[in-house]
Every structure is written in C-alpha cells, then in structure tokens.
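The following account leads the reader through a protein model, from its interior to its open spaces. The sequence and the structure are shown first.

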Amino acid sequence: MTETQFGGDEYDVSVSVSEAAVERALDVRPADVAPASSLTFARNVFVPLTTACRYTCTYCTYYDVPGEASLLTPEEIREQCRVGADAGCTEALFTFGDQPDDRYTAIHEQLGEWGYDSIHEYLRAACEIALEAGLLPHANPGDQTRAQMATVADVNASMGVMLETTADVQAHGGPRAKSPEQRLHTIDVAGDLGVPFTTGVLVGIGEDWRDRAESLLAIRALHERHDHVQEVIVQPVRPNARWQGEPPGAETMRRVVAMARAVLPAEVGVQVPPNLTDVRGLVDCGVDDLGGVSPVTKDHINPDYAWPALDELSAIADHAGVPLRERLPVYERFLPADGGTAGDGWVSQRIWRAIEDGDRYEAVRAE
C-alpha cells in the first residue's frame, strides 16, 4: 500500500497516511455526512500573555515585532480572569507566540526580572491565577517540547495547537518558517503526556485539496495512537492588515468540513469558528461545536472579526433545528465517571479537584 510519511528524526515523530485513505477523503462531499444532533460551545476569557512570536507567518496579525511586544503582568492576568469569572466563563484561554523568549530579548529579560526562567514557567503561574479565580485553563502556546508541555500539563484542563497544514506553504516561508513536523510533534507529545487536545486545519493559506486530506488524516493517525484529540477546528483564513488573499468560498468550506467529519472518529468534535465563517451554511456538514466564545474579550488572534453574542449562537442552533449546549474546555469523555477520581480520567488531580469544587462547572456539566 502506498503511504505518505510525515515527520522524521529531527522532531521524533512519525505519521503515515495511506494513499487509499487520501482518495477516500477526497471523494467526500457534504451529502455524505449527517448533521450533528446538537451544537456545543465554551464560554471563555481570552488572555494573551504576549504577542511575541519567533515566526512571521504572512497571514497572522497576532504577533508584534521585537521592541513592540510586551508581557501581561500577573496583576493584569488576575484582573482579566476576575472579569471572566464574574461574567460566568469557565475557561481561561492563554495564548502566546511560539517560543517568544527565544527571539525577543526584552521578553526573556522581563521574565528573569519577575523570577521566571522561561515563558512556560510563567504560563504555569498564569494558570494557577486562573484556577484561583475559578476558571479552567486552556493553553495554546504553539510548538512545545516534551519538557515545556510537562511543565504546564497538570494545571491545564486541556491544551491545543493548530496543525494548520502538513504542506510546506509559502505563507509559512522566510527565515523563520513554521514547520509542520514540529506541529505534529507537539500533538504527539500531548497524547504521550495524556493531555486532552484541540488542533485544527487552516483553510486558504496555499494548501491544495490533497494537503487538506493528508492534514486531517495525520491528525486522525495521532488520535488513533493516543485517543487524546477532543476537537478539530476547520478555520478559514480571513483578510486582515497583513493578509489580503482571497478567503475560501462557501463551497470550499462545506467540502472541507464534510471531509473532516468523514475522516475523524465520531468522538472527535468538528468545530468551526462562528466569527470567521457563516456557520448556518455549514451546520448540515457535520459541525458539532462552535468553539470558545467570550462575552468579555475580543478574539486576539483575529481582532477584526468579533465573536457573536451568545444569543446569536442560539439562533444558529435554532436554524439547524438542534439544541445548543454549553460545555467545559475539557470534553466530558476525558473526565472521571460519576464517583470517580482523577486517576480514572485524563485530567490531573489539581484540575479534577477544581471541577468538583466549582458550582459553575457543575451547572455546565448538568446541561
């Protein structure tokens, strides 16, 4: 059987995708999948620890160049978490660019002044602040080594990184090109460490249909290895101050979403961001999750595209004729069964204790 191999010795990950599976994925159309029986979402507060990033992807407005990026202070993190908790959020979404203290001298020096050897040590402190405020941390800090992820895994309910694509695309080009193999390695490490994980594909950055199929199949292969992927985001690239390319059209998005639903196991959610695409035109293609939506903070990754109000999510569900349910940032299947302990599920004792003690979490789980 002909296979395509991703990864290699440099990143200690190997993923195989068969030609037959690629051909089956390429044949999928929206009519081949069934609509979901419900839609879910998480209520979050978005906390960008820093906009520093070692990469310079041409479609990204998140990063600031050296000299312009700064770190949120512990006091700022605490205040944002307080506001989120007061608004009924359950999730603190922490982001920063890949390895920011590797490229930005000022970030590295600031961390040192505050007593931290690395951005991941600081992320751990930020997660503790969120837990104290009554929020469950979900960190999305880009590529990570095993040691970096192990530093923060036990204080996160779930974590994530966008695979984006297995293809080498020009949008990732330049002297600091993003590597698909590094992304695959991070997803693999998460499974090895037992971290419930979110990943996804970015549509419209120069990949072709075969690339899309291979990317989804690579995610499936890693999930089959570890059983740790909770959801896969199908996200279109959108025009912004740095990217003026044509966004993917409605039919392209419908086909990619249907492909994702057909390729991925039933237990893995298919998510589309409601601020970046017309979800009403996709709900019959297997979408079952609308992601994290914040009532108090903007989408710092896509600041030109505001999150919809929560009543708009209800309207989308009504359009689809299905119920809308709020969820925690960690999917229920990763939690211990009734009466169980942290050892019976994926989450750490620290996270499970927070969930058991949180009235807000209990109310969401009861929906």
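Is Q235 buried or exposed? The model under discussion is predicted, and in it Q235 belongs to strand β8, which covers residues 229–236. With a relative accessible area of 15%, Q235 is buried, because a residue counts as buried when that area is under 20%. Once its neighbours within four places in sequence are set aside, the contacts of Q235 are M162, V201, L202, V203, P273, L276 and N302.

The nonpolar interior may be taken next. In soluble globular proteins, nonpolar side chains tend to be buried together. Here the largest nonpolar core comprises 103 residues, and L49, I77, F94, L136, V234 and I355 have the most contacts inside it. Helix α5 (residues 119–133) supplies the largest share of this core, namely eight residues. Another core lies apart from it and has 14 residues, including C60, Y62, Y63 and V169.

The surroundings of L49 can be followed residue by residue. Not counting residues up to four places away in sequence, L49 touches Y62, S70, L71, L72, I77, F94, T95, F96, Y122, L123 and A126. L49 also appears in the lining of the second largest pocket, together with P48, T50, T51, T61, Y62, S70, L71, L72, K298, H300 and P303. This pocket has a volume of about 170 Å³, and its lining consists of six nonpolar residues, five polar ones and one charged one.

Helix α1 shows how burial is arranged around a helix. In this helix, which spans residues 19–27, the buried residues include A21, V22, A25 and L26. These four are on the same side of α1, because they cover an arc of only 135 degrees around the axis. An α-helix has 3.6 residues a turn, so residues three or four places apart point the same way. R24 and D27, on the other side of α1, are exposed. The packing partners of the buried residues of α1 are β2 (13–18), α8 (209–226) and α9 (250–263).

Two loop residues have an unusual backbone description. E164, although not a glycine, has a positive phi of about 75 degrees. E164 sits in the loop between β6 (158–160) and α7 (180–193) and is buried, its relative accessible area being 9%. D227 is likewise not a glycine and has a positive phi of about 65 degrees. The loop that holds D227 runs between α8 and β8; D227 is partly exposed, with a relative accessible area of 35%.

The remaining open and enclosed spaces complete the description. The largest pocket contains about 390 Å³ of space. It is lined by 22 residues, of which S38, T40, R325, R327 and Y331 are the closest to its centre. Two elements, β11 (324–326) and α12 (359–366), give two or more residues to this lining. By class, the lining of the largest pocket divides into 10 charged, seven nonpolar and five polar residues.

As for enclosed space, the count comes to two cavities of 30 Å³ or more. The second largest cavity has a volume of about 40 Å³. Its lining is formed by T61, R238, P239, N240, I301, N302, P303, D304 and Y305, a set that divides into four nonpolar, three polar and two charged residues. N302 is also one of the contacts of Q235, while T61 and P303 also line the second largest pocket.

Definitions and conventions: Residues numbered from 1 in each chain as written. Predicted model: local features only at pLDDT ≥ 70, side-chain atom pairs only at ≥ 80, totals over all residues. Heavy atoms only, no water. 1 Å grid on protein atoms, 1.4 Å probe; cavity = no way out; pocket = protein on both sides within 12 Å on 5 of 7 lines; lining within 4 Å. Points joined across faces, edges and corners; volume = space filled by probe spheres on them. Nonpolar A, V, L, I, M, F, W, Y, C, P; charged D, E, K, R; others polar. Buried < 20%, exposed > 50% of the residue type's maximum accessible area, 1.4 Å probe, protein only. Arc of directions from axis to C-beta. Contact = heavy atoms within 4.5 Å. Core = buried A, V, L, I, M, F, W, Y, C linked by side-chain atoms within 4.5 Å.
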